[in-house]
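Q: I would like to learn how to read a model of two chains, feature by feature. Could you take me through it?

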Amino acid sequence: MTRRTFLRHSTVGALGACAVCAGVADGSIAASAATDATRIGTLVDVTRCIGCRACVRACNQRNGLPQPEKPSTVWNGPVEELNFGRWTTVNLQGTPANGAAVPVKRQCMHCLEPACVSVCPVAALQQLPNGVVMYRKERCIGCRYCMFACPFGIPKFEWEASLDPEIGKCQFCAQHAVFTGPACAQACPTGALKFGSRQALLAEAKARIHVRPERYRDHVYGEHEAGGTAWLYLSSRSFSDLGFNTQLPRFGLPRLTWVALKLVPGVVIALVIVLTSVSFRMGRLAQQAAVHDRT
Amino acid sequence: MIEVFFILAYAIIVAAFVRSKTHLRLHTRLEVLLLASAALAVGLYALTQRMTQGLGATTHLSDSFPWGIWISVDLCGIALASGGFILAGIVHLFRVHRLEPILRPTVLTAFIAYQLVAAILVLDLGRPLRFWHPLVMWQHHSVMFEITLCLALYTVVLALEFSPVLFEYLGFHRAVEALQKMTLPVVMAGVILSTLHQSSFGSLFLIVPQKLSPYWYTPILPILFLLSAVCAGLGVALLECVLFERAAGGERLDAGIVPMLARWTSRALMLYVIVRLTDLLVRGSWRAVFQHPWLDASLAVEIIAGSLLPALWLGRIAKRNAHQAAAAAVTVLGGVVWHRLNVSWFGLIPASGVFYVPSWLEIAITLALVMIGILVFIAAAQLLPVFPRR
Ligand code: SF4
Ligand code: SF4
């Protein structure tokens, strides 16, 4: 066998080995999260929100975040972006062509399969058994991969800090010693926010749509988006009109990375086998050639 | 840590300059040294700013665009550094000993490039002092974790591969022999680690299907990154040939080497282009045409000028012509760099809603680091037996 034919054979062999390993390593990520009864959630009924921003003030207070100088509502206050020190906000949304703008609350969606948790190299973001996505600042290295990966643009960076910046994001108020549900839901005067078990809330959302089909779109945002989220939204307007991303895949984003990452052990094994045999074989060929040259 | 790196590198360079009895023809001229000093001074100032003022005040990164030019530069640098594992694999595992003369300079290039990539990665962290956290707080679902681990291990491999040169210079012949016995497993580990992290740099972007333009988002990003890294590595090896002939004072390389490398590079590029175009077609990316004309242009530049052209050009270099090959190799590198800029920067702009352009401080730090890399290479090439002596 010459060097060339051997190379050709070994390439085919390597590809084959990789394919086999890819098949063997096939495993799926837990797909039961969406139906898990232990998961908590919050239902946001956009049609009931009056834009008073009581939830924002409650959040700032409970989490020690800076309060705006003048308490504002969406009607008299400025547009408030989420940032490191503001984990939730309510703003008027909706293109004027489709009717008057309506207030919409924003915060971390607490994805059932969170992209941020899957990408964090140090597990600074962590999902609790009840589905809450927590941030442990003592681990964070500030790589900002979570911000890059989050499909809802939620984690925010402390850009002003020079050497010890942190990530700021809603943690469902679960970082406090006693967890009694999120401060925002407790503060809401109209019942636009309702805290409870995700399963029950999803059923309730569907019931509300069923009873009042003229009031609601037949779409619970968060049921399937990015594999499902703990926060669920009901609305009378189309969600894309309210600035929600409706193009998200219906499966958890971490799957996209895991497809490649799970191959690592297989690739290592395949390469060890292939490279060892290549090296051995080529060494033999080189020796033979040397002997041949001498005779 | 990085300051120490700066000062050390600078000391080496000055030492190399003072040692003017060089056996090489790679002259470090005074103008070059002055220019380099200026770049380093500005870079040092920029670095101090970054460390004392924070990322917000010194970069143009924002909550809407959290990764900027430093990540892009890392992606490009890592591709250019892949020559190390490719050549080591070809020479030691495939026993193509004809290529041995350019192995040392290529491994040196790779070693320096990896140091720079690691330095920039650390610099980009919000908390640079915690750079070691991933190594102890394993999170095996994270591509970033896998990359950090591979980079750390591969740096050790590169150090082992290059250290015989240092020991030879110092006269530690026992150590050289001991290291030579370990060559096979070390090289093999290098090839495996490189395959993993070269592809993983592409996997970093798998999590953002809704943010990256369909021209560049594809589930096969890791495969594309591995292939393009191979192209870039072979391209760098071609450049190394030219460098060899300039540095080794008239000693010529085996006449077959340049055409052989050119042929391989051309084939690797062809494979890359075929995979890339097939993927674009299969995913129906043409539907994105005309949405952002400047992205269309960027794609065209990448594929036509950066991949197709050099592939055909290199395929036609039948006789040894190092300089023509080097020119083509530069085009190859340009194409790979352009692809990675598209993936990590331009292709992300439409969905992010902001037009990120790096601040001058970000650029100054990057340039200073690249300058350090070049100077360290020159210094090492003059002091150590990297190229054969005249
Ligand atoms: S919305 Fe973003 S930050 Fe919140 S859990 Fe999902 S991925 Fe993480
Ligand atoms: S910035 Fe912090 S929390 Fe976010 S991915 Fe990086 S280490 Fe994890």
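**Reading the two chains**

A: Let us begin with the secondary structure of chain A, which contains 8 helices and 9 strands. Please keep in mind throughout that this is a predicted model.

Q: How much of chain A is buried, and how large is its accessible surface?

A: Burial is judged residue by residue, with under 20% relative accessible area as the cut-off. By that criterion 48% of the 295 residues of chain A are buried, while the accessible surface of the chain amounts to about 13700 Å², with carbon and sulfur atoms accounting for 60% of it.

Q: Which residues of helix 2 of chain A are buried, and what covers them?

A: Helix 2 of chain A runs over residues 54-62, and its buried residues are Ala54(A), Cys55(A), Val56(A), Ala58(A), Cys59(A) and Asn60(A). Their cover includes, from the same chain A, strand 2 (89-93), strand 3 (102-106), helix 5 (183-187) and strand 8 (193-197). After helix 2 of chain A comes Gly64(A), which has a positive phi near 65 degrees.

Q: What share of the contacts in chain A joins residues at least 24 apart?

A: Here one counts contacts between residues at least 6 apart in sequence, and in chain A 61% of these join residues at least 24 apart. For chain B, counted with a separation of 6 or more, residues 24 or more positions apart account for 80% of the contacts.

Q: How many helices and strands does chain B have, and how compact is the chain?

A: Chain B has 16 helices and 0 strands. Its radius of gyration is 21 Å, close to the 21 Å that the globule rule gives for 390 residues, so chain B is as compact as a globular protein of that length. The C-alpha trace of chain B extends over about 60 × 50 × 45 Å along its principal axes, and 58% of the 390 residues in the chain are buried.

Q: What does the exposed surface of chain B consist of, and how are its charges placed?

A: About 15800 Å² of chain B is exposed, and carbon and sulfur atoms supply 71% of that area. The chain carries 26 positive and 18 negative side chains, and the centres of these two sets are 6 Å apart.

Q: Into which domains is chain B divided, and how many residues does each give to the contact?

A: The division gives domain 1 (1-60 + 359-390) and domain 2 (61-351) of chain B. To the contact between them, domain 1 of chain B contributes 30 residues and domain 2 of chain B contributes 35 residues, and the centres of the two domains, taken over C-alpha atoms, are separated by 22 Å.

Key. Residues numbered from 1 in each chain as written. Chains lettered and ligands numbered in written order. Predicted model: local features only at pLDDT ≥ 70, side-chain atom pairs only at ≥ 80, totals over all residues. Heavy atoms only, no water. Helix = DSSP H or I, 4+ residues; strand = E, 2+ residues; numbered from the N terminus. Rg over C-alpha atoms; globule rule 2.2 N^0.38 Å. Buried < 20%, exposed > 50% of the residue type's maximum accessible area, 1.4 Å probe, protein only. Contact = heavy atoms within 4.5 Å. Areas by Shrake-Rupley, 256 points an atom, 1.4 Å probe, with all protein chains shown as cover. Lys, Arg positive; Asp, Glu negative; His and termini not counted. Charge placed at Lys NZ, Arg CZ, Asp CG, Glu CD. Domains from an automatic or database assignment.
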